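Please walk me through this structure, piece by piece. Keep the sentences short and explain each term along the way.

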Amino acid sequence: AELGEAVAFEALVREAREEVGVDIAPDALRFLHVTHRNHGTLAYFGLYFEATQWSGEPAIMEPEKCGALEWVSPAALPENTVPFTRDMLTQHWPNGAAFAEWGW
């Protein structure tokens with residue numbers, strides 16, 4: 001979230017527009033999962049949501065930060081998938097776990 005964004009939904013809506021060029025209404029978001037991640041000297045909370053609808057066609061809006069944009073099955077993730085995202089998509093989300101810890 002950036003300064004002035006009151007809730008996670010605002011940050012997600014902004015990031016979806018900036019990074020993949022789609023518009024998502026906050027009421028089209030459903031909370032899925034939170035991961036508390038350890039990165040050595042820093043800890044993060046990763047929030048995961050499902051967008052049930054959006055407008056616009058997903059596209060790479062920041063090509064300097066992204067090499068590809070693909071729809072893939074969680075069972076067939078690319079090799080370079082971020083490890084904590086892979087963990088959530090393959091271990092926790094399929095089992096309905098709303099919370100996990102990673103890297104502790």
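T81 sits in the loop between strand 2 and helix 2. Helices and strands here are DSSP runs, numbered from the N terminus: H or I over at least four residues for a helix, E over at least two for a strand. T81 is buried, with a relative accessible area of 17%. Buried means under 20% relative accessible area, exposed means over 50%, and partly exposed lies in between (1.4 Å probe, protein chains only). A polar atom of the T81 side chain lies 2.8 Å from the backbone oxygen of P78. That falls under the term polar contact: a pair of N or O atoms within 3.5 Å, where within protein one must be able to donate a hydrogen and the other to accept it, and residues adjacent in sequence count only if both atoms are side-chain atoms.

The model is predicted, so local features need pLDDT of at least 70 and side-chain atom pairs count only at pLDDT 80 or more, while totals for chains, interfaces and linings use all residues. Residues are numbered from 1 along each chain as its sequence is written, and side-chain values use heavy atoms, with hydrogens and water left out.

Now to the sheet. It is open, has three strands in the order 2-1-3, and its pairing is mixed. Strand 2 (42-51) and strand 3 (99-102) are the edge strands, each pairing on one side only. From one strand to the next, the twist averages 20 degrees. Two strands pair if DSSP finds at least two bridges between them. Angles run from 0 to 180 degrees between N-to-C directions, and axes are lines fitted to C-alpha atoms, for helices over the stretch in contact.

Take the two pairings in turn. Strand 1 and strand 2 run antiparallel, joined by 10 bridges. One partnership there links T35 with G46 in strand 2. The hairpin of these strands has two residues between them, and G40 takes a positive phi near 80 degrees. On the other side, strand 1 and strand 3 pair in the parallel sense over four bridges. R37 has W102 as its bridge partner in strand 3. H36 stands opposite E101 in strand 3.

How enclosed is strand 1 by the rest of the structure? Eight of its 11 residues are buried, so strand 1 is largely enclosed. In a regular strand, side chains alternate between the two faces of the sheet.

Two helices meet this sheet. Helix 1 lies across strand 1 and strand 2, and runs at about 70 degrees to strand 2. Its buried residues pack against strand 1 (29-39), where contact means heavy atoms within 4.5 Å. Which residues of helix 1 are buried? They are A11, V13, R14 and A16. The length of the helix can be checked as well. The expected span is 1.5 Å times one less than the number of residues. Helix 1 (residues 8-20) has 13 residues and should span 18 Å; its end C-alpha atoms are 17 Å apart, which agrees. Just after helix 1, G21 takes a positive phi of about 70 degrees.

Helix 2 (residues 83-92) also packs on the sheet. It touches strand 1, strand 2 and strand 3, and its direction makes about 130 degrees with that of strand 1.

Charged side chains come last. How many salt bridges does a search of the whole structure find? There are five. A salt bridge is a side-chain nitrogen of Lys or Arg within 4 Å of a carboxyl oxygen of Asp or Glu. R17 and D23 form one, with the closest N and O atoms 2.6 Å apart. D23 is partly exposed at 36% relative accessible area, and R17 is partly exposed at 44%.

R30 forms another with E50, the closest N and O atoms being 2.9 Å apart. This pair links distant parts of the chain: R30 is in strand 1, E50 is in strand 2, and they are 20 residues apart. R30 is partly exposed at 44% relative accessibility. E50 is partly exposed at 30%.

K65 and E62 also meet in a salt bridge, at 3.9 Å from N to O. K65 is exposed, with 63% relative accessible area, whereas E62 counts as buried at 17%. Finally, salt bridges that share partners join R14, E15 and E18 into one network.
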